[in-house]
Structures are given as C-alpha cells and as structure tokens.
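Hi,

Here is the structure I promised to pass on. Please have a look at it first, and then read my notes underneath.

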Amino acid sequence: MPPPPLATAAIPTITHPTDLTDGEDGLDSAVVSDDDPLSDSTTFSRDDHVLQIIFDPQLQASRRRKSSLVNLDIPHTSTSTPSSCFVHALLETQKAHSAGASPEPPAIAGCSAAMTKAQLSDMVLGVRELSKHLASLTIRMRVRRVFILTKAADSALVAHTRTVAAWLLAHDYTVYVEDTFQRNAAFDGAALGGGDRLRYWTPELCATRPHTFDFIITLGGDGTVLYASWLFQKVVPPVLSFALGSLGFLTKFDFREHERIMGKHLTAGVTIGLRLRFEGTIMRSLPREGAGERVLADEILDVHPGRAPTHEPAQSSVILNELVVDRGPNPTMSTTELYGDDMFLTSIAADGVCIATPTGSTAYNLAAGGSLCHPELPGMLVSVICAHSLTFRPIILPDSMVIRIGVPYDGRTTAWVSFDGRQRCELRQGDYLSVVASRFPFPVCQDKRDNKDWFDSIRRTMNWGVRTGQKSFG
C-alpha cells in the first residue's frame with residue numbers, strides 16, 4: 001500500500017509525526033523542532049526544512065474536492081525568503097491538480113498575486129479546507145524567537161512586557177521587542193540580562209523579513225492584534241493574544257495565567273485558527289484624451305485583452321477586520337457603485353459602506369447593523385452606513401467573489417477609504433476599490449479546538465443572549 005499523501009511546508013527541522021490528536025478527522029499532529037542554531041540571516045530552504053502533516057486518504061477522499069488542492073505558484077512582487085511559518089508554508093506548497101485546463105482568462109485587476117477568478121476560487125477553498133484541518137490539530141513546535149507586541153506608551157503594559165520578556169529570557173528564548181524600548185527607562189532592557197538574546201524589531205524588519213520570528217505574543221486589546229496584522233502584511237507567525245484591553249473579541253487569554261499559558265503553547269503544542277483576511281487595492285482612473293463621456297460600469301465590466309487599460313493600482317493593503325468607504329469630510333452623503341465579479345449590483349447613497357471579514361463582524365460591521373458571523377463561515381459582509389434608502393439591508397457575499405466599490409464619474413463628491421481604521425486616502429471620481437480574499441490568513445492560537453472559544457468571546461464581551469429568566473407559573 002502506498003504511503004498517505006503529505007502536505008509539506010518550509011520550516012525548521014521536523015521530527016516524526018506523533019499522536020497528540022484524537023484522530024477524529026484522520027489527522028495526526030506534527031512535532032516541529034529546530035535544534036540547529038540559526039542566525040537571523042539564515043536562508044530557509046524548501047528542501048532542507050520540512051513539516052509533514054499526514055492526512056488519512058480513506059477518511060478525506062470522500063470529502064475533499066480535487067480543486068481544493070490549490071496552485072499558488074503565481075508570480076508576485078515579494079522578494080522575501082520562503083516562509084518559516086508552517087501555516088503559510090503549507091499554503092505556499094499546495095499544488096493544483098487539474099487536467100485539460102482551458103486557456104487562462106485575464107487576471108483580476110487589483111489583485112497583487114495576479115490570480116484569475118478560477119484561481120481565486122480554488123485558493124479560497126484551499127485556505128478554508130486547511131483552516132478546518134488545523135482547527136482540529138495540536139501542533140508542537142520548538143519556538144526560539146518570540147516577537148512581543150504592545151503599546152509602548154502605556155506604562156502598565158510596559159511593565160507587563162518586561163515581565164513576559166524576563167520569563168522568556170529565563171527559559172532561553174530569543175525575545176524581540178519594539179525598538180522604542182531601547183530608550184525606555186521603565187523597561188530597562190540592560191537589567192534583564194539575556195545578552196544578545198534580547199533584540200529589537202522595527203516595522204521594516206516585519207515587512208521585509210517576517211520569517212525571522214517563530215511566534216507572536218500580543219499584550220493589549222483588539223487594536224494590538226490588528227496592529228500585528230498590519231505589520232505582517234503577508235506571512236504571519238502564530239499569534240497568542242493576552243487580554244489587557246477594553247473588550248477583546250480577539251484576545252482570549254488571561255494575563256494572570258501568562259506563565260502557564262506560555263509554557264503550554266510554546267512547549268506542549270498549539271491549536272491554530274486561521275482568520276480570513278482581505279486584500280484591498282485602490283485603482284486610480286487613468287486620464288484619456290478625446291474619450292468623451294466616461295462610464296465607470298463600462299470600464300469595470302467591459303474588460304478584454306485588446307483594450308487599453310483604464311485604471312492602474314495605486315496602493316494595496318491586507319486587513320483583518322474591514323475596509324470602509326465613507327464620505328470623509330464631505331458634508332453630504334457619498335454616492336458609490338457596488339460590483340460583484342462581472343455584475344453591477346447596486347448604487348449606494350449613504351454615509352459609507354463597510355466590507356468586513358467574518359472576524360470583523362463584531363466591529364464596525366456590527367455597529368452599522370450587520371450580522372455576527374462565525375469566523376469559519378466563508379463570506380464577505382457588506383453593510384451600508386446610514387443608507388439614504390431604507391430598502392438597503394446588509395448582505396453576505398461569497399468569499400470567492402471580487403467586490404469593487406467605485407465613485408462614478410458624474411458623482412457630486414469624492415469618497416474616502418480606510419484599511420482597518422488606518423491609512424485613509426481619497427477616492428476621486430472614476431476611482432474604485434477592489435476587494436478580494438487574501439492568500440495570507442491570520443493564524444491565532446485557540447484556547448479550544450474548532451473555534452469554539454468564539455462563542456465564549458461574544459458572551460464575555462457582549463453578554464450575548466443574556467437576560468433575566470422568566471419566572472415560573474408556580
């Protein structure tokens with residue numbers, strides 16, 4: 001009998017698979033180790049560093065679609081080394097198995113990975129399947145380099161950061177804290193000891209060399225977790241979040257037990273939940289001479305290879321919660337047009353529109369009247385902010401859809417777009433925002449398997465479903 005198929009990933013050295021899981025889905029866990037001392041300049045090789053997760057083909061064959069094995073060998077602009085994060089390395093090494101493919105249609109405008117619509121659909125399905133598998137696995141890995149993220153301006157959080165750094169250094173981990181801590185007297189890094197194992201990160205290091213870090217610990221609230229997503233626009237190491245903020249939908253762990261929790265997750269194993277992220281790209285209208293009256297719908301929907309380009313990408317960002325297109329400083333409402341794939345959906349006259357991930361369903365989306373959405377559900381949540389027409393209701397679209405929100409050429413005002421509340425910029429007449437699912441999800445450490453702790457979060461933060469019980473008739 002041939003051996004079962006393997007999913008491989010680029011990551012420091014691997015030992016044999018173990019039996020940490022209960023085998024409910026025919027999955028075994030893997031033990032990741034990296035005893036060899038590697039410097040920050042180490043170049044990871046796909047051939048030398050392999051993680052293997054074994055899938056039982058008899059249990060999986062009946063449920064796994066052929067197209068869920070996704071081809072992600074797509075040209076992109078990244079020049080980073082192969083990922084040392086096992087989650088994203090799994091995504092990077094999946095191969096497509098399709099025969100007799102027809103000629104490739106044009107790539108999606110505004111997608112940095114230059115994917116076609118069929119490739120986008122297969123990629124989303126592959127991420128979804130991988131997320132389902134990882135949510136039922138316990139994966140042990142030997143972490144060496146830990147990235148700590150917190151608010152350097154908060155004195156209480158600086159003290160907690162020092163406590164966590166001291167514990168990690170005492171247990172022989174290499175610790176990275178923000179470079180501003182070098183000049184922070186309250187942190188006093190020199191007194192912590194650890195020698196060259198206490199290091200400092202910058203946003204540039206996160207953007208250019210994300211493979212430097214094996215694990216992320218956040219100290220704060222949901223905003224700190226969103227900042228981690230912002231720093232790591234592509235590869236994201238597993239994120240362990242301690243609740244030290246206000247609400248904390250994404251921060252699941254009590255800091256009072258930080259030593260036990262860190263010891264468990266760093267040595268005994270982690271259960272990973274993959275959170276879908278979106279990639280938003282601003283497409284700027286190109287000037288055209290002697291073109292007469294221009295119609296945005298014609299330029300978005302009437303695309304064929306021989307036609308001269310009408311738009312060019314200006315900037316692109318990956319978000320965890322939501323993209324918001326609003327009226328900005330304009331005193332009146334904005335008018336935008338909503339497109340899904342190759343269809344015109346509707347015109348929107350409102351203060352704005354919010355495109356949220358399932359993770360972001362508890363944020364701006366909920367305030368705008370959108371629905372709560374479990375993070376495992378595949379969807380793009382569209383909610384209008386203070387719509388002019390009461391007939392407009394929130395809608396959930398497939399996560400394989402390409403959504404575009406544009407300002408018509410004859411619009412009275414411009415609009416403004418923000419990415420997870422950051423980097424606001426103006427959309428002028430003729431510009432549009434393209435939104436697709438990102439091929440780089442956000443891996444979070446779960447307290448319970450299969451994302452069951454999401455219900456604990458909404459009960460804890462929102463008192464969801466809590467009310468005084470009815471009295472009996474007796």
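Below are some notes on the nonpolar cores, one valine and the cysteines.

This is a predicted model, in which local features need pLDDT of at least 70 and side-chain atom pairs count only at pLDDT 80 or more, while totals for chains, interfaces and linings use all residues. Residues are numbered from 1 along each chain as its sequence is written, and side-chain values use heavy atoms, with hydrogens and water left out.

The largest nonpolar core (buried Ala, Val, Leu, Ile, Met, Phe, Trp, Tyr and Cys residues joined through side-chain atoms within 4.5 Å) has 35 residues, and Leu168, Phe215, Ile217, Leu240, Phe242 and Met262 touch the most other members. Elements giving two or more residues to this core include helix H3 (117-134), H4 and strand E8 (215-220); helices (H or I, at least four residues) and strands (E, at least two) are DSSP runs, numbered from the N terminus. H4 gives the most, with six residues. Apart from this core lies another, of 34 residues, with Leu323 and Met380 among them.

Val164 lies in H4, which spans residues 155-170. Val164 counts as buried because its relative accessibility is 0% (buried means under 20% relative accessible area, with a 1.4 Å probe and protein chains only). Its contacts (heavy atoms within 4.5 Å) include Ile217, Phe255 and Met262. Val164 and Ile217 are 53 residues apart in sequence, with their C-alpha atoms 9.2 Å apart.

As for cysteines, Cys354 is buried at 0% relative accessibility, and Cys445 is buried at 2%. A search of the whole structure finds zero disulfides (pairs of cysteine sulfur atoms within 2.5 Å).

Best wishes

Note on methods
Buried < 20%, exposed > 50% of the residue type's maximum accessible area, 1.4 Å probe, protein only. Lists of a residue's contacts leave out its neighbours within four places in sequence.
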